[in-house]
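Colleague: I should be grateful for a close look at one part of this model, followed by an account of how the rest is arranged around it. Please keep to what can be read from the atoms.

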Amino acid sequence: MRESIGRRRFLGYVLAAPTLVTAAEIGLRPTVAAASSAEFQLPSPGITDIVDLNDLMTVAAAPTSGLISVGVGQDGMVSFALPRAEVGQGITTSTAMLIAEELSVPLDRVRVTLADARPELVFNQLTGGSNTTFATYTPIRVAAAIARRRLLEAAAIELGSAVTDLSVRDGMIVDRSGRSIGFGALADKAASVRIEQVSVELTPRESFTVIGKPHSRIDALDAVTGRKKFAMDLDVPDAKPTMVCRAPTLNGKVGSVANLAEVRAMAGVTDVVVISTGVAVRAETFGQCIDAVRALRVSWKPGTAAGKSDEIVRRELERAELSLGLPPLTPTVEGKFTFYFRGNSALETNCAIADVRADRAEIWSALKSPIVAQRTIAAKLGLAPSRVAVHVVQGGGSFGRKLFFDAALEAAEVSQKIGKPVRLMWHRADDARQGRVHPMATSRVRVSYLGGTVLGYEQRHTSVATDLGHGLGEIITATAAQLPVGDIGFSETFFLLSQTMPYNFGATSQLLSETDKGFNTGSMRNVYSPDVACARELIVDQLAARMRKDPYRFRRDFLRDDRSRAVLDKVAEVGGWGRALPAGTAQGIAFHAEYKSVSAALVEIDCRPETVNRPIREGVAGPRVTRAVFAVDVGLAVNPRGLEAQMMGGISDGIALALTSSLHLRDGYFLEASWDNYFYTRQWNTPLALQIIVMPSTSEQPGGAGELGVAPAMAAVACAYGRATGTMPTSFPINHGTLSFEPKPTVPPVPPSPTDGLSHAR
Amino acid sequence: MPERTFRVNGEQVTVNVPDDVRLLWVLRDVLGITGPKYGCGINVCKACTSHLNGKEVNPCAIPVKDLQPADEVTTIEGLPATVGRELHPMQQAWLDHDVVQCGYCQPGQIMAAVALVRRVAAQGRAITDDDLDGLRNICRCGTYFRIREAVKAGAANM
Ligand code: FES
Ligand code: FES
């Protein structure tokens, strides 16, 4: 009976199976309903005070009947298929920790795999919005706790003792006299022949021995020995290397091909076929694919951004910007910031294996929205979704890319057209030039104040349209109607839901306007926050200066709660805020809250000419962030070591976004074609000193973390740069105006493979 | 098709591939040795970094015809055997510092780190920040700082 379930009791199931399988509903939340609203009773409430993106994704998930289950095998191994994508964020490790905690089993006895597409999970198989731990924290523990209870009950019969006389240790159940029985031996005895509903209590936070303790990644050994398998490493019979020859301009389509027969006859080539995105080549090796792609003579139709440049898009954004209205009579601080296009390529390029037969298909790829992928691929192939098996493979990074399935769709199309399995991979040049980008955007901010009081904060964010059509959008549209946001589209809703105003700045209005759907866009380790927060924090520095306050003290005075102040205080203390530094170098400090988490960054930057102009071969030097201090409070950190890693990655991204990384649009295509053109953070840009402080737990629930670090890091670097140079930066990255490389040709679309490797041996 | 013979991870191999196919594809597509990763194909990302006769090379830039029968290619899979252990000290340092995130760049990072430490040791000096700044391998997950720590720790045990 639901009514009889008190605080900390949760319902789950024992499923009918030969060995023990227990389950809980994904989306299951603690029964304490009032807690989250109380947490958000703050002055000047915005929409995020009522409900934020994580709530929305979790609420959207609740009515579905999808169960996630924990199994115990006769070998004593505990298994769980996570309905999410592991792309480096460490969720397989944190998931194994949740199970290890509730089952008192060593971490290495827990096997976490990635679930194939499971359409019945509806909204619940989407990896995005830093939502995984937040949404799965309770149900995974419930399933594991039920397994523990069943194992105890089975052991009680076997050992002839009362359950209360038994304890669980290291995957064994032990009675008072020291007799023990392993999980493996109980796996079938604890199983059920019918589905049973069971209620359990979860381990209270005070008794955690695994959750909250630092653990190294469970896949680290595989990764450092080269055994970890990514999609292109899988051995699928006859799935031969396949690449696509693409247009010289963004999304250009094939007109005609002059030399199909000639290329088909090239060494190693097995197939050449025109597809919707270009000309696909299948060969014995990828090297031969590259040669064939380069040999193709194709005439192309214009693309979706024909003739466009950064400057043209900047004017489009200007026209689309929503008005701030008449300036108030009180003093104001105002600024406008431009953020150029950025590539969200992971190190693993877009790739997928497809084996399409007449009546069925099988796909392997790192997919964060496998259900949408399955449905879309099935429609393209003319098959029922149930005939398309979609296997989720561990990904070599995502940063937003893997929410989409561009390569899987292409691989399916090629495989169907040629009637053979394919191992399709994008060349890096394709990934950089035709792959998804973070949209170019501008942000205008106006703050009005009087004396020491801030009266109002307005921000107008204007962006090239972000494609959210990967399922995250569906969650929003499905749920938006129930929210007090009026009649606006889901991008705008998404924007409102993801933007918090952390300061007591009076009446706040933050609005999004989008324009131009001609680009292949996506989020990039967050959708809007890094740009929005960077603009906000730069203006906060200006406002502080106007009020003659120190940037740290000013933020501290205006932050809305103790938790926020605590992270800010922490970085100021550990980073030695205000310490004397030579001219041309400075500290910067910034704060950001999102995903029910709070974070602050303090950086020191060196902008002296001898540093900025230090010679770097085929790379950009620029100002050096010499030191970074970061404090984060995610409520409850399941794995502090993994959380630190996520923050470290976010800092690397924030540095890149502020200083070096962007795409240049000219004549309808992006100039950048590889890592020697696109300047993501490298060792020579990395802080020499880095401290990440994970704050003690302040909540019963873990908040999001995967994308959290980027915004405060980017903002702190921008603020530090402004303070070191005496000029607030208004365009990002700061070096966008200088083209630091010779653009590679667009025809052929991929560069030749070098031949001089031996001469570089060292 | 021409036959090419060389050594990979301590074993003699003979492959039938055209002369100009780059070693990376011979390893991955022909021999099924998938530790070296593709990240650019033009010798800039360093994801494919392996060793040739103990020196750091990028197989995406080496036509297979450049290899001689006595040449020894070592990929991440063969690194532990070069020191006769389960794990090379650099791999152990990577585990101790929990460097890996997605892991895609890490085989290349480790192979580059080992070569760096050997070069620096040959010069009879310790690793400096400048040496670490000179590591060109891209990590899009941004694990650079832990890499720096791990290289120093690995060097101490090599
Ligand atoms: S793939 Fe060889 S260096 Fe990038
Ligand atoms: S760990 Fe993902 S690219 Fe380095």
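Where in chain A does A:Pro748 lie?

Modeller: The model is predicted, and what follows should be read with that in mind. A:Pro748 is found in the segment after E31 of chain A. The peptide bond joining A:Val747 to A:Pro748 is cis, with omega at about -10 degrees. Another cis bond leads from A:Phe732 to A:Pro733, where omega is near -5 degrees. A:Pro733 likewise has its place in the segment after E31 of chain A.

The strand that precedes this segment connects it to a neighbouring pairing. E31 covers residues 731-732 and runs parallel to E15(A), to which it is joined by 2 bridges. A:Phe732, the residue on the N-terminal side of the cis bond to A:Pro733, is the bridge partner of A:Phe339. E15 itself spans residues 332-339 of chain A and also pairs with strand E22 (residues 441-450), in the antiparallel sense and over 8 bridges. Within that pairing, A:Gly335 stands opposite A:Val445. E15(A) is thus engaged in antiparallel pairing with E22(A) and in parallel pairing with E31(A). Strands of a sheet pair through backbone hydrogen bonds, in either of these two senses.

Elsewhere in chain A, 6 strands make an open sheet of mixed pairing, in the order E5-E4-E3-E2-E1-E9. Its edges are strand E5 (110-114) and strand E9 (196-201); each has a single partner strand, so one side of each is left without a neighbour in the sheet. From one strand to the next, the twist averages 30 degrees. Inside this sheet, strand E2 (residues 21-25) and strand E3 (residues 67-72) run antiparallel and are joined by 5 bridges. A:Ser69 is the bridge partner of A:Ala23 in that pair. Helix H4 (residues 91-103) lies across E3, strand E4 (78-82) and E5 of chain A, and runs at about 140 degrees to E5(A).

Two local features of chain A deserve mention. A:Asp238 is not a glycine, yet its phi is positive, at about 65 degrees. A:Asp238 sits in the loop between H7 and strand E10 (240-245) of chain A. A:Glu153 and A:Arg149 form a salt bridge whose closest N and O atoms are 3.2 Å apart. These two residues are 4 residues apart in helix H5 (residues 132-159) of chain A, which means that about one helical turn separates them. Over all chains, the structure holds 66 salt bridges.

The association with chain B comes next. Chain A contributes 77 residues to the contact and chain B contributes 63 residues. The two chains bury about 5,900 Å² between them, and 59% of this area is on carbon and sulfur atoms. Of the area that chain A buries against chain B, 15% is supplied by A:Leu347, A:Gln683 and A:Arg762, more than by any other three residues. Between the chains there are 6 salt bridges. A:Arg624 forms a salt bridge with B:Asp133, with the closest N and O atoms 2.7 Å apart. The polar contacts between the two chains comprise 31 residue pairs, with both residues at pLDDT 80 or more. On the side of chain A that touches chain B, at least two residues each come from helix H7 (220-224), helix H9 (286-295), helix H20 (640-660) and strand E30 (689-694). H20(A) provides the largest share of that side, 8 residues. Classified by type, the side of chain A that touches chain B has 31 nonpolar, 26 polar and 20 charged residues.

Chain B has an open sheet of its own, in which 5 strands are ordered E2-E1-E5-E3-E4 with mixed pairing. Strand E2 (11-16) and strand E4 (55-57) stand at its edges; each has a single partner strand, so one side of each is left without a neighbour in the sheet. On average, and ignoring direction, neighbouring strands are turned by 40 degrees against each other. Strand E1 (residues 3-8) pairs with E2(B) in the antiparallel sense over 6 bridges, and B:Gln12 is the bridge partner of B:Arg7. Helix H1 (residues 23-30) of chain B lies across E1, E2 and strand E5 (72-74), at about 85 degrees to E1(B). Helix H3 (residues 106-122) of chain B packs on the sheet and touches strand E3 (50-52), E4 and E5, its direction making about 50 degrees with that of E3(B).

Conventions: Residues are numbered from 1 along each chain as its sequence is written. Chains are lettered from A and ligands numbered from 1 in the order in which they are written. This is a predicted model: local features need pLDDT of at least 70, side-chain atom pairs count only at pLDDT 80 or more; totals for chains, interfaces and linings use all residues. Side-chain values use heavy atoms; hydrogens and water are left out. Two strands pair if DSSP finds at least two bridges between them. Axes are lines fitted to C-alpha atoms, for helices over the stretch in contact, and angles run from 0 to 180 degrees between N-to-C directions. Contact means heavy atoms within 4.5 Å. Buried area is the accessible area (1.4 Å probe) that two parts lose on being put together, summed over both. A salt bridge is a side-chain nitrogen of Lys or Arg within 4 Å of a carboxyl oxygen of Asp or Glu. A polar contact is a pair of N or O atoms within 3.5 Å; within protein, one must be able to donate a hydrogen and the other to accept it, and residues adjacent in sequence count only if both atoms are side-chain atoms. Ala, Val, Leu, Ile, Met, Phe, Trp, Tyr, Cys and Pro count as nonpolar, Asp, Glu, Lys and Arg as charged, and the others, Gly among them, as polar.
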